[in-house]
Amino acid sequence: MAIPSVCDVLPPSTLTVEQAQERILTAIQPITQTETVLLEHALGRVLAQTITAPFNVPPHRNSAMDGYALHSSSLTAGLNQLTVIGRSLAGHPFQGDVGQGECVRITTGAVVPEGADTILIQEEVKRFEDRIEYFGRIKPNKHIRHPGEDLAQGSEVLQQGRVLNAADMGLIASLGLGHITVWRKPKVAIISTGDELRPIGSPLGEGQIHDSNRYTLRALLQRLGVEVIDFGIVADEPSTLEQAFTTAAQQADVLITTGGVSVGEADYITQLLGQLGRINFWKIAMKPGKPLAFGQVGTCSFFGLPGNPVSTMATFLIFVRPALLKLGHYPVRSVIEYRAKCLTSLKKASGRQDYQRGVCHQDEQGQWWVKSTGVQESHVLRSMSRANCFMVLAKDWGDVAEGTEIPIIPFEGLF
Ligand code: AMP
Ligand code: MG
């Protein structure tokens, strides 16, 4: 198939990292479909409904302590005696009223009987057969939990857009809700492209390597809780690629490919994107990962990431991750940046924003320090595995001297 070269499709303008991020977030719109899920499957999902309390939680007046329920006017200061007329246990309320000079044995969570307005805790009384003795003044309203103290009937409990955590699970359960409506998960298709790639389990012939990017991507996507559709490895062959792209774009909200995105002889990705859909941009002043094709194929957003494993990972974290967060209705916060002092000097060519791999730590005074993992080439995935942060070196900087303060992005929580 004859396809035009990238240079025929787009002028070779190079975007800054920020410009590219902005373009991506402008193009991506949050999912509009919802689904109803069992509460036990809702952890980490985003609420598409606002939940209001259909009744009070707790639903009844109940005791916060083990002890005795009585009316505070029953007794005066000094040695007092009360007759125990029954028990109110959690789940087994006392049937009847508590009158003057009377009390009811009560346990934590049990309904406070009619006529009682306070609880004496059991450690403060002496128990005899059918009576108790108490020394001291009795105050009303002690150790009583009132209806709706946790959640009042009709009040807003959780708002639409809430990312559900473990506490929310219990809160929703306390309202008796077993199913809730959440935004459906983004569907993300992944394809590894390259004639040299072999799956795990296949022996390697001359010049071949195992496809590692799909495993990195799967893991990164798992972390984001999206649905992954794995299209495996596709050869550097325009018609096969076209078929795979078309099928994937019909099934997924986002298609991520790796490899074949630069301007080599077997790099067809950007051209195909231009042919099947629309290219938004394909070059960023960033290292690693200068070529990155972003656009649309039908309703599917397309990310053509570079094939070098470090570039794949860095471009995913900087560009794809925020896009998927927005798509799934998750808050798109900028990544946490700290300022750290360099323990070593760093090599850097001006013209691109570098995301070099570093190891950082914070000392007892709260100062962050960082040093390079050493080798920084984009095929050395070990540098990502050993690192715990990106060192972000601005586009116009040259070499960085030891002791310079630089921004770092810790990996914690990212993958
Ligand atoms: P490309 O972006 O296709 O020019 O590939 C750049 C480098 O990344 C080459 O050395 C490829 O062999 C390598 N590469 C591409 N795809 C993968 C992959 N899925 N797993 C591991 N390495 C890859
Ligand atoms: Mg290739």
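Which residue in β9 is the bridge partner of R127? In this predicted model, the residue that takes this place in β9 is I132. The pairing belongs to a wider arrangement in which strand β8, residues 125-127, and strand β9, residues 131-135, run alongside each other in the antiparallel sense over three bridges. The connection from β8 to β9 is a hairpin, made through three residues.

Another antiparallel pairing involves strand β7. Here strand β4, which covers residues 67-70, pairs with β7 over four bridges. One of the matched positions can be named: L70 has T118 of β7 as its bridge partner. Strand β7 itself spans residues 118-121, and its side chains alternate in direction, with T118 and L120 pointing one way and I119 and I121 pointing the other. Whichever way they point, T118, I119, L120 and I121 are all buried.

Attention now turns to charged side chains. As a general matter, side chains of opposite charge can pair when their charged atoms come close. Across the whole structure, the search returns nine salt bridges. One of them is formed by E35 and R45, whose closest N and O atoms are 2.6 Å apart. Because E35 belongs to strand β1 (residues 34-38) while R45 sits in the loop between β1 and β2 (51-52), this pair ties together parts that are ten residues apart in sequence. The two partners can also be described by their accessibility. E35 counts as partly exposed, at 30% relative accessibility, whereas R45 is buried, its relative accessible area being 8%.

A further salt bridge joins D211 to R214, with 2.6 Å between the closest N and O atoms. Both D211 and R214 are buried. D230 and R218 form a salt bridge as well, their closest N and O atoms lying 3.1 Å apart. This pair links distant parts of the chain, since D230 is in strand β16 (residues 227-234) and R218 is in helix α4 (residues 213-224), twelve residues apart. D230 is partly exposed, with a relative accessible area of 28%, and R218 is likewise partly exposed, with a value of 30%. Through salt bridges that share partners, D211, R214, R218 and D230 are joined into one network.

D211 appears again in the surroundings of ligand 1. Which residues come nearest to this ligand? Of the 14 residues around ligand 1, the nearest are E196, D211, S212, G260 and G307. Sorted by class, the shell holds three nonpolar, nine polar and two charged residues.

Several contacts with ligand 1 can be described at the level of atoms. G260 places a backbone N or O atom 2.8 Å from an oxygen atom of the ligand. G307 also contributes from its backbone, with a polar atom 2.9 Å from an oxygen atom of ligand 1. N213, by contrast, makes its approach through the side chain, where a polar atom lies 3.3 Å from a nitrogen atom of the ligand. On its own, ligand 1 has 480 Å² of accessible area, and the protein covers 77% of it.

Technical notes. Residues numbered from 1 in each chain as written. Chains lettered and ligands numbered in written order. Predicted model: local features only at pLDDT ≥ 70, side-chain atom pairs only at ≥ 80, totals over all residues. Heavy atoms only, no water. Salt bridge = Lys/Arg side-chain N within 4 Å of Asp/Glu carboxyl O. Helix = DSSP H or I, 4+ residues; strand = E, 2+ residues; numbered from the N terminus. Buried < 20%, exposed > 50% of the residue type's maximum accessible area, 1.4 Å probe, protein only. Near = heavy atom within 4 Å. Polar contact = N/O pair within 3.5 Å; in protein donor to acceptor, adjacent residues only side chain to side chain. Areas by Shrake-Rupley, 256 points an atom, 1.4 Å probe, with all protein chains shown as cover. Nonpolar A, V, L, I, M, F, W, Y, C, P; charged D, E, K, R; others polar. Pairing = 2+ DSSP bridges.
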